[in-house]
Amino acid sequence: MGGTNIAVNPIHLGLGAAAITEPAFTGSMDWYAGYVERHHSDGVEGRLVNTFTFKDSWNMWEMHPNGAEVVLCLAGSMTLHQERPDGSKQSVVLGPGEYAINELGTWHTADVIGEATALFITAGVGTQHRPR
């Protein structure tokens, strides 16, 4: 028996130190809505753990109002741009094995040259998006 591919089946970390394999990831808003529905009882303590391979820079900004997010670069290189609630801005270049933390309420986006794969540990309840 082989392991489970995180790029296909993300993990939910929930209350009581639970780790739950999620259905196949589609990247659609319907998938995320289903995730929220499945784990709403964990509230802001739940975390989604997934990976994604980017071939293009992000076309939007994202913000998690209920918790921090860890972004761990696994392959390639990406520049993570952050706008904190106090108005300060920072850009962090991440290579394989390097991570950054998007603090609670920090708007963030990323630029990718070529291709990059990252692992995300996200407090996703209430996530907001805005155009880039």
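**Nonpolar core and selected residues**

In this predicted model, the largest nonpolar core comprises 14 residues, and W58, V71, M78, L94 and F120 are those with the most contacts inside it. At least two residues of this core come from each of the strands β5 (69-75), β6 (78-83), β7 (89-94), β9 (107-112) and β10 (116-122). The most is given by β10, which provides 3 residues. In soluble globular proteins, nonpolar side chains tend to be buried together.

The surroundings of W58 were examined further. When neighbours within four places in sequence are left aside, W58 is in contact with M78, H108, T109, A110, F120 and R132. Two of these partners, M78 and F120, are also listed with W58 among the core residues with the most contacts.

Another residue considered was Q128, which is found in strand β11 (residues 128-131). Q128 is partly exposed, because its relative accessible area of 36% falls between the limits of 20% for buried and 50% for exposed. With neighbours within four places in sequence again left aside, the residues in contact with Q128 are W61, E62, M63, P65 and W107. Q128 and T117 are separated by 11 residues in sequence, and the distance between their C-alpha atoms is 22 Å.

A17 was considered for its backbone geometry. Most residues other than glycine have a negative phi. A17 is not a glycine, yet its phi is positive, at about 60°. A17 is located in the loop between β1 (11-14) and β2 (18-21). With a relative accessible area of 78%, which is over 50%, A17 is therefore classed as exposed.

Note on methods. Residues are numbered from 1 along each chain as its sequence is written. This is a predicted model: local features need pLDDT of at least 70, side-chain atom pairs count only at pLDDT 80 or more; totals for chains, interfaces and linings use all residues. Side-chain values use heavy atoms; hydrogens and water are left out. Helices (H or I, at least four residues) and strands (E, at least two) are DSSP runs, numbered from the N terminus. Buried means under 20% relative accessible area, exposed over 50%, partly exposed in between (1.4 Å probe, protein chains only). A nonpolar core is a set of buried Ala, Val, Leu, Ile, Met, Phe, Trp, Tyr and Cys residues joined through side-chain atoms within 4.5 Å. Contact means heavy atoms within 4.5 Å.
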